[in-house]
Amino acid sequence: MEKIIITISRQYGSGGRHIGEMLAKKLNLSFYDKELIEVVAERTGINKQFLESKEEKFTNDNLFFSAFHKEIFSSPFASTVRNSTLDKIFEIQREVIINIANQGNCVIIGRCASFILKENYECFNVFIHAPNKERIHRITNEYGVKMENAETQLKNTDKYRANYYKYYTGGDWGNMTNYNLTIDSGYFDSEAVCDIIINAIKKNK
């Protein structure tokens, strides 16, 4: 197969990370998810646990970060210069994603990768979603989330990701026009989802 870069955006609890990892193994591609956190931690000196807690989240507390971190960074859609650790994290993460794409043959999970790479790279962009019932089943059985907290956590995590995407891209997270393929992982099992993605890529080559 020719050089291919696959980006996977996903609803929380849809199994997007698992599908991406499985897909990478099937196609013998490099896989990037939590590995990106380690690179950003090394380059910034920011605590890895802190980075994990802020993964793909944009909330009002970024103003709180500004009081303690004086580095100056600009959001791609900022009308004014922003003083935010989140902006620093995003900018370094963007550079890392571009470097990864330059190496080719990879699967990248989330982090606005489809937007970051859209101008200069030929990517196959996928969005994984699922009904709430399926997502709740996954996060309670696989992620250890308590049933009474599951629905709230679904809503909050999706909201954080949507806000993060909006802030850094100006677009709407989950908008099907941003992707080459959207798949319901509640209707298809992970193996079938991978096969659908692989077949779609092959037909485009």
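User: Which element gives the most to the lining of the second largest cavity?

Analyst: That's helix α8, with three residues. Keep in mind that this is a predicted model. The general idea goes like this: rolling a probe the size of a water molecule over the atoms shows where empty space is left. Here, the second largest cavity holds about 70 Å³ of space.

User: Okay, and which residues line the second largest cavity?

Analyst: Among them are Ser 9, Arg 10, Cys 112, Arg 161, Tyr 164 and Trp 173. Two elements give two or more residues to this lining, namely β1 (5-10) and α8. Sorted by class, the lining has four nonpolar, two polar and four charged residues.

User: How many cavities of 30 Å³ or more does a search of the whole structure find?

Analyst: Two. The largest cavity has about 110 Å³ of space, and 14 residues line it. Nearest its centre you'll find Lys 54, Glu 55, Ile 89, Gln 93 and Tyr 164.

User: Which element gives the most to the lining of the largest cavity?

Analyst: This time α5 does, with four residues. Helices α2 (34-44), α5 and α8 each supply at least two residues. The class count for this lining is eight nonpolar, one polar and five charged.

User: α5 and α8 both turned up there. At what angle do they pack?

Analyst: At about 75°, and their axes are 12 Å apart. To put a word on an angle, you check which range it falls in: 65 to 115 degrees counts as roughly perpendicular. So α5 and α8 are roughly perpendicular to each other.

User: Which residues meet where α5 touches α8?

Analyst: From α5 come Leu 86, Asp 87, Phe 90 and Gln 93, and they meet Tyr 164, Tyr 167 and Tyr 168 in α8. By class, that contact has five nonpolar residues, one polar and one charged. You've met two of these residues already: Gln 93 and Tyr 164 are among those nearest the centre of the largest cavity.

User: Now for pockets. How much space lies in the largest pocket?

Analyst: About 470 Å³. Its lining is made up of 24 residues, and the closest to the pocket's centre are Arg 10, Tyr 12, Lys 34, Thr 157 and Arg 161. Two elements give two or more residues each: α1 (16-27) and α8 (147-169). The largest share comes from α8, with four residues.

User: What does the lining of the largest pocket look like by class?

Analyst: Count the residues class by class and you get four nonpolar, eight polar and twelve charged.

User: Last topic: aromatic rings. How many aromatic pairs does the structure hold?

Analyst: Eight. A pair of aromatic rings is described by the distance of the centres and the angle of the planes. Try it on Tyr 12 and Tyr 143: their ring centres are 5.7 Å apart and their planes sit at 50°, so the pair is tilted.

User: Where do Tyr 12 and Tyr 143 lie?

Analyst: Tyr 12 is in the loop between β1 and α1, while Tyr 143 is in the loop between α7 (132-141) and α8, so the pair ties together parts that are 131 residues apart in sequence. And Tyr 12 is a familiar name, being one of the residues closest to the centre of the largest pocket.

Definitions and conventions
Residues numbered from 1 in each chain as written. Predicted model: local features only at pLDDT ≥ 70, side-chain atom pairs only at ≥ 80, totals over all residues. Heavy atoms only, no water. 1 Å grid on protein atoms, 1.4 Å probe; cavity = no way out; pocket = protein on both sides within 12 Å on 5 of 7 lines; lining within 4 Å. Points joined across faces, edges and corners; volume = space filled by probe spheres on them. Nonpolar A, V, L, I, M, F, W, Y, C, P; charged D, E, K, R; others polar. Axes fitted to C-alpha atoms, helices over the stretch in contact; angles between N-to-C directions. Parallel < 35°, antiparallel > 145°, perpendicular 65-115°, else oblique. Contact = heavy atoms within 4.5 Å. Phe/Tyr/Trp six-rings, centres within 6.5 Å; stacked < 30°, edge-to-face > 60°.
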